[in-house]
Amino acid sequence: MLFSPWLMLSSLLYSLQLSTGSFPKPLTEEEERHYLALSAQGDVEARNILVERNLRLVAHIMKNG
């Protein structure tokens with residue numbers, strides 16, 4: 001079961017790197033606070049922005065696990 005989420009995430013990371021050439025630019029502290037507040041209120045788009053803009057961290061954690 002653990003293999004499936006890893007496979008999906010690695011596919012997402014790979015496709016993002018191919019389409020953009022690099023990871024999305026990280027959020028500033030102010031932007032992150034803004035999107036965290038919106039996400040806490042149930043804003044799905046804000047949650048998605050947080051996930052997408054933190055993919056560099058996710059990739060680092062996956063690599064060094």
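**Proline 26 and the helices around it**

Reader: In this predicted model, where is proline 26 found?

Author: The model is a predicted one. Helix α1 covers residues 3-20, and helix α2 covers residues 29-40. Proline 26 belongs to neither helix; its place is the loop between α1 and α2.

Reader: Is proline 26 buried, partly exposed or exposed?

Author: A residue counts as buried under 20% relative accessible area and as exposed over 50%. The relative accessible area of proline 26 is 43%, so the class in between applies: partly exposed.

Reader: Which residues does proline 26 touch, leaving out those up to four places away in sequence?

Author: One approach along the fold is to leucine 57, which is 31 residues from proline 26 along the chain, with 9.5 Å between the two C-alpha atoms. Contact is a separate matter, as it requires heavy atoms within 4.5 Å. By that test, proline 26 touches Glu31, Arg53 and Arg56.

Reader: Which residues does glutamate 31 touch, with the same sequence neighbours left out?

Author: Glutamate 31 lies in helix α2. Its relative accessibility is 31%, so it counts as partly exposed. Its C-alpha atom is 9.4 Å from that of leucine 50, a residue 19 places away along the chain. The residues glutamate 31 touches are Pro26 and Arg53.

Reader: Are α2 and α3 parallel, antiparallel, perpendicular or oblique to each other?

Author: Helix α3 spans residues 44-53, and its axis comes within 8 Å of the axis of α2. The two axes cross at roughly 140°. Angles over 145 degrees would count as roughly antiparallel and 65 to 115 as roughly perpendicular, so this pair is oblique.

Reader: How many nonpolar, polar and charged residues are in the contact of α2 with α3?

Author: α2 passes α3 in a left-handed crossing. From α2 the contact takes Glu31, Glu32, Tyr35, Leu36, Leu38 and Ser39, and from α3 it takes Ala46, Arg47, Ile49, Leu50 and Arg53. Sorted by class, the contact has four charged, one polar and six nonpolar residues.

Reader: What is the order of elements in the protein chain from the N terminus on?

Author: The chain has four helices and zero strands. With no strand to place, the order is α-α-α-α.

Reader: What share of the residues in the protein chain is buried?

Author: The accessible surface of the chain is about 5300 Å², and 62% of that belongs to carbon and sulfur atoms. Burial is counted by residue, at under 20% relative accessible area. Of the 65 residues in the chain, the buried share is 14%.

Key:
Residues are numbered from 1 along each chain as its sequence is written. This is a predicted model: local features need pLDDT of at least 70, side-chain atom pairs count only at pLDDT 80 or more; totals for chains, interfaces and linings use all residues. Side-chain values use heavy atoms; hydrogens and water are left out. Helices (H or I, at least four residues) and strands (E, at least two) are DSSP runs, numbered from the N terminus. Buried means under 20% relative accessible area, exposed over 50%, partly exposed in between (1.4 Å probe, protein chains only). Accessible areas come from the Shrake-Rupley method with a 1.4 Å probe; for residues, only the protein chains shown count as cover. Axes are lines fitted to C-alpha atoms, for helices over the stretch in contact, and angles run from 0 to 180 degrees between N-to-C directions. Angles under 35 degrees count as roughly parallel, over 145 as roughly antiparallel, 65 to 115 as roughly perpendicular and the rest as oblique. A crossing is left-handed if the near helix is turned anticlockwise from the far one by less than a right angle, and right-handed if clockwise. Ala, Val, Leu, Ile, Met, Phe, Trp, Tyr, Cys and Pro count as nonpolar, Asp, Glu, Lys and Arg as charged, and the others, Gly among them, as polar.
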